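Reader: I should be grateful for a close examination of a single part of this chain, with the criteria behind each term stated.

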Amino acid sequence: MDRIRIGVVGVGQIGKQHLENYSKIPGAELAAFCDIDEAELARVASLYGVTSTTTNFRELIMRDDIDAVDVCLHNNLHAPVAIAALQAGKHVYCEKPMAGSYRDAAAMLEAAKSCDRKLHIQLAFLYSRETRAAKLLIENGRLGKLYHARSTGYRRRGRPYVDGYGTLNFVRKDIAAGGALYDMGVYHISQLLYLMGMPKPLRISGKTYQETDMDANRRESGRYDVEELGLGLVRFEGGLTLDIIEAWAIHLNAFEGSCVVGSKGGIRLEPFSFHTTQDEILVDSTYNLGNAYTRWHDVHGSGDVYDSSQQHWIAVLQGRAPLLPTAEIALQTLLISEGIYLSDSLAREVSVDEVIKSSVSTAVNL
């Protein structure tokens with residue numbers, strides 16, 4: 001396989017996950033690291049045998065021996081680093097969410113197009129066996145005409161920092177830009193948008209909450225100012241709808257998994273099941289996704305191309321597959337999340353045009 005040399009910006013919690021994933025992918029070579037924490041940068045670099053390190057991301061992106069840059073920073077840092085890397089001629093892989101605002105994400109996609117570089121966003125759920133099986137059933141007409149989907153995400157008490165894990169950078173708007181919707185909702189919403197075929201959103205209604213009790217000292221030190229619960233309803237062109245509930249913390253047992261329904265059938269994604277009617281008999285079906293995965297992987301020859309977000313990225317850069325439209329999906333996901341925030345602030349439904357016009361950059365000036 002062609003060797004793809006990767007430069008990684010950010011070796012913190014998420015960056016370490018990326019590094020471990022790359023270390024297991026044939027053809028991926030970790031070439032250079034960047035982080036402002038010099039001690040941790042040196043420690044992590046030694047673990048992976050990387051000798052090229054810097055605390056200045058601009059030095060890394062200007063290297064002519066790097067094929068792609070992986071951006072593993074907090075949300076409001078994504079756009080400035082990604083755009084600079086694209087303009088430096090590098091392909092870019094970026095953590096989710098795409099950016100802290102729709103405006104910044106749109107600027108990233110425009111930069112990729114104008115620079116003729118590839119931009120890939122980490123949307124891990126697109127590669128799950130459940131998503132792949134659902135996409136196959138939908139494309140083969142098993143659901144008929146799609147008309148509604150539900151995006152659900154659940155944590156009983158799983159707020160970063162205040163509930164005992166992660167840093168306070170996850171719960172401050174000036175760094176993270178959003179809470180539950182940006183942290184976990186991005187996975188579920190993007191998954192449903194992908195399965196629905198990326199319909200054009202028209203209007204959005206939503207509400208956010210931060211009501212669950214938390215430790216007083218953590219509240220004060222964290223300056224927790226993002227949502228722990230996000231709710232939304234999206235109306236799309238053609239009559240499709242999507243409702244959303246995403247919880248970091250809520251006094252309930254687990255929600256049912258996300259679903260998509262059509263005129264002939266419906267799919268529950270977790271646990272995976274298919275529901276339809278045959279000869280006036282209600283049918284509820286389960287699937288052997290392990291066996292399906294084996295056939296997709298080995299019999300039908302897709303191999304590792306869709307095994308994970310990073311494996312897909314390396315395969316694309318090696319010329320073995322076209323890039324899934326993850327940047328476009330991530331951009332639309334941000335549009336919907338920002339629409340929920342705007343609807344909440346105005347206490348009414350908003351149009352997509354209103355969301356786009358009101359969106360402002362939240363990017364940190366580097």
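Author: The account below takes up one run of paired strands and then a helix that comes later in the chain. This is a predicted model, in which local features need pLDDT of at least 70 and side-chain atom pairs count only at pLDDT 80 or more, while totals for chains, interfaces and linings use all residues. Residues are numbered from 1 along each chain as its sequence is written, and side-chain values use heavy atoms, with hydrogens and water left out.

Helices (H or I, at least four residues) and strands (E, at least two) are DSSP runs numbered from the N terminus, and two strands pair if DSSP finds at least two bridges between them. Strand β12 (residues 265-269) runs antiparallel to strand β13 (residues 272-278), and 5 bridges join them. Within this pair, R268 stands opposite S273 in β13. The two strands, β12 and β13, form a hairpin with 2 residues between them.

Strand β13 is also joined by 5 bridges to strand β14 (residues 281-285), again in an antiparallel arrangement. Here Q278 stands opposite I281 in β14. A hairpin is formed by β13 and β14 with 2 residues between them, and D279 in the turn has a positive phi of about 50°.

Helix α11 (residues 309-317) is mostly covered, since 9 of its 9 residues are buried, where buried means under 20% relative accessible area with a 1.4 Å probe, protein chains only. Among them are H312, W313 and I314. The buried residues of α11 pack against β1 (4-9), α1 (13-22), β2 (28-34), β4 (68-71), β5 (91-94) and β6 (119-121), contact meaning heavy atoms within 4.5 Å. After α11 comes G319, with a positive phi near 80°.

Terms used: Buried < 20%, exposed > 50% of the residue type's maximum accessible area, 1.4 Å probe, protein only.
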